[in-house]
Amino acid sequence: MFQNRAEAFALVLPAAVFAGVTFLVPVVVLLSEGFRGADGWTIQAYIDFFSHPLNRTVFVRTLKLAAMVTAVAAVIGYAAAFAIVNLPPKGKGRMIGLVVLPLMISPVARTYAWIVILGRTGIVNQALTSIGLSDEPIRFLFTETAVFIGLLQLFLPLMIISLVSALENMPRDAVPAARVLGANWFQVFWKVILPLTREGLVIGGTLVFTGSMTAYITPAILGGSKVLMLETLLYQRVTVANDFVAASVIALILIVMAFAANLLLKRLATARNKR
Amino acid sequence: MSRLYTPTILGLVLLFLIGPFVIIIAASLSAGETLAFPPDGLSLRWVIKVFEVESFRTSFGISMFLAIGGTLAALVLGIPAAYALARYKVPFGETIRTVVSAPIIVPGIIVGLALLRYLVVPFQFGILPALFLAHTALILPYAVRVVSASLNNLRGDIEEAAVLLGSSRTGAFFRVVMPNIRGGILAAFILGFVTSFNQVPVSLFLSGPGVRTLPIDMLAYMEITYDPSVAALSALLAFMSLGIVFLAERFLGFSRYV
């Protein structure tokens, strides 16, 4: 440890000032705009925002989709992480590589693929009509289902890798011990694995939840103006109506929810561990 | 557990995660006029078309400039900060760390909008410099975090030894510390490059006539045409990312750092 304060300041100052000027100040000013009224500070903009049925729908839909994606990703994540952890070392490394791979590829490209799959002449519709399950193409694009599938594909890898590292850190003999003592698989999962991997679940869950909540590309491509989420609504309010007050309101909601999700899940994790 | 469990579940997960890319690659090789799978015949016409679209070429250049320049700028700011946070008692160290890493938590669309509204519009600030600032701010947290991690793995007393043996503090940094964290810096560069290149929300509001990043340009193109050229471009970008990651893993053991 070096003690020289002046030197320390000189080293961190450029980065801190840069982040402050290009990031912190503009964002804070933007957020303050939602509280500014004709005479002083007010929360009128928030009341207006939530009194609009469309805005409420979008708000609830965003939370609902993010929660559903997180829950489904957790279930698939556990199933996949189990299988990965039990692979021989070489196969494990390769499999983790394949799971992480999509994270490096442009989300626009990743989401675009679903247009080819779910579109009117896409694979799913061709299959459905050719086996006679449906007479005319079913509309999948611009539905909540499409957005859900897109988000799940985008964020599932984050859940899987979080759970893989949690399962690897679990004591090797915990599961066999519980089995020997007569626990069934359901009890093993609920009483042994879940408490021991809670931290990994929390990390993965936070990443998936906040990622889905603040997603722009997926709802923009697969949801369009029919299935707005908070970010696409924000974009629409600004570009269509020049409504910066609503934009500021949505911005604060997104930031508060992102931080709240972080805190809440952190609290859940520590509360369980203390028992 | 049943013996079929592992292959079935892993097969399904991979089909879901990787399958769409296979389809996109196949669709981009189509000879037909519209996006379809299976493709109508095989040809490279849409792959060639990608290189002929003027706006794709311009926006590719802009995205490259932002990804490379922004990452370098973030490293120039981030390496000294990470070094100070790791080796000095910095007053308000935790606060500074939070400020510097906040852009990771705050949604990018808000950063872009804030810069447009309070920098570009009132001060006639150019779109491209604003994009550059936004991308640098976005990459800064990654730069600080990855470089911090590799500094924490390096014993602090080797620089103290260098200083005791008569080297200056700066000399010790460049001759002793830098060579040892080179891998971490390269990993931070690759992570920053990929993050910036694929970034959409930050750049969404920061687009002007002739100034657009490649992903934004793709979104715009997608809205007006339904030909397979976006599929071809997506496939090309996927291969580019894979190539970068493959090389990084090969020569660096990239996954150690992320």
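## A guided tour of chain B and its partner

Among contacts in chain B that link residues at least 6 apart in sequence, 74% join residues at least 24 apart. Keep in mind while you explore that this is a predicted model. Its scores are ipTM 0.87 and pTM 0.89.

**Stop 1: chain B as a whole.** Select chain B and colour by secondary structure. You will find eleven helices and zero strands, so the pattern along the sequence reads α-α-α-α-α-α-α-α-α-α-α. Turn chain B around, and its C-alpha atoms fill a box of roughly 70 × 65 × 35 Å along the principal axes. Chain B has 258 residues, and 47% of them count as buried. Now switch to colouring by pLDDT: the mean for chain B is 87, with 97% of its residues at 70 or more. As a viewing habit, predicted coordinates should not be read in detail where pLDDT is low.

**Stop 2: the two domains of chain B.** Select residues 1–43 of chain B for domain 1, then residues 53–256 for domain 2, following the domain assignment. Taken over C-alpha atoms, the centres of domain 1 and domain 2 of chain B are separated by 32 Å. How many residues of domain 1 of chain B are in contact with domain 2 of chain B? Nine residues of domain 1 are in contact with eight residues of domain 2. On the domain 1 side of that contact in chain B, five residues are nonpolar, three are polar and one is charged.

**Stop 3: where the chains meet.** Show both chains and select the residues in contact between them. Chain A contributes 62 residues and chain B contributes 64 residues. Which helix gives the largest share of the side of chain B that touches chain A? Select residues 5–28 of chain B: this is helix H1, and 14 residues of that side come from it. Colour the side of chain B that touches chain A by class, and you will count 56 nonpolar, five polar and three charged residues.

**Stop 4: two loop residues in chain B.** Go first to Phe92(B), in the loop between helix H3 (54–87) and helix H4 (93–105) of chain B. The phi of Phe92(B) is near 60 degrees, a positive value in a residue other than glycine. Is Phe92(B) buried or exposed? Phe92(B) counts as exposed because it has 12 C-beta neighbours inside 10 Å, and the cut-off for exposed is 12 or fewer.

Continue along chain B to Gln124(B), which sits in the loop between helix H5 (108–123) and helix H6 (127–152). Gln124(B) also has a positive phi, near 55 degrees, and is a residue other than glycine. With 7 other C-beta atoms within 10 Å, Gln124(B) is exposed.

**Stop 5: a buried alanine in chain A.** Move to chain A and select helix H7 (residues 144–168), where Ala166(A) lies. Why does Ala166(A) count as buried? It has 23 other C-beta atoms within 10 Å, and a residue is buried at 20 or more.

Next, show what Ala166(A) touches. Setting aside neighbours within four places in sequence, Ala166(A) is in contact with Thr197(A), Glu199(A), Gly200(A) and Leu201(A). For a last step, draw a distance from the C-alpha atom of Ala166(A) to that of Glu199(A). These two residues are 33 residues apart along the chain, and their C-alpha atoms are separated by 7.2 Å.

How values were computed:
Residues numbered from 1 in each chain as written. Chains lettered and ligands numbered in written order. Predicted model: local features only at pLDDT ≥ 70, side-chain atom pairs only at ≥ 80, totals over all residues. Contact = placed C-beta atoms within 7 Å. Helix = DSSP H or I, 4+ residues; strand = E, 2+ residues; numbered from the N terminus. Nonpolar A, V, L, I, M, F, W, Y, C, P; charged D, E, K, R; others polar. Domains from an automatic or database assignment. pLDDT = per-residue confidence, 0-100.
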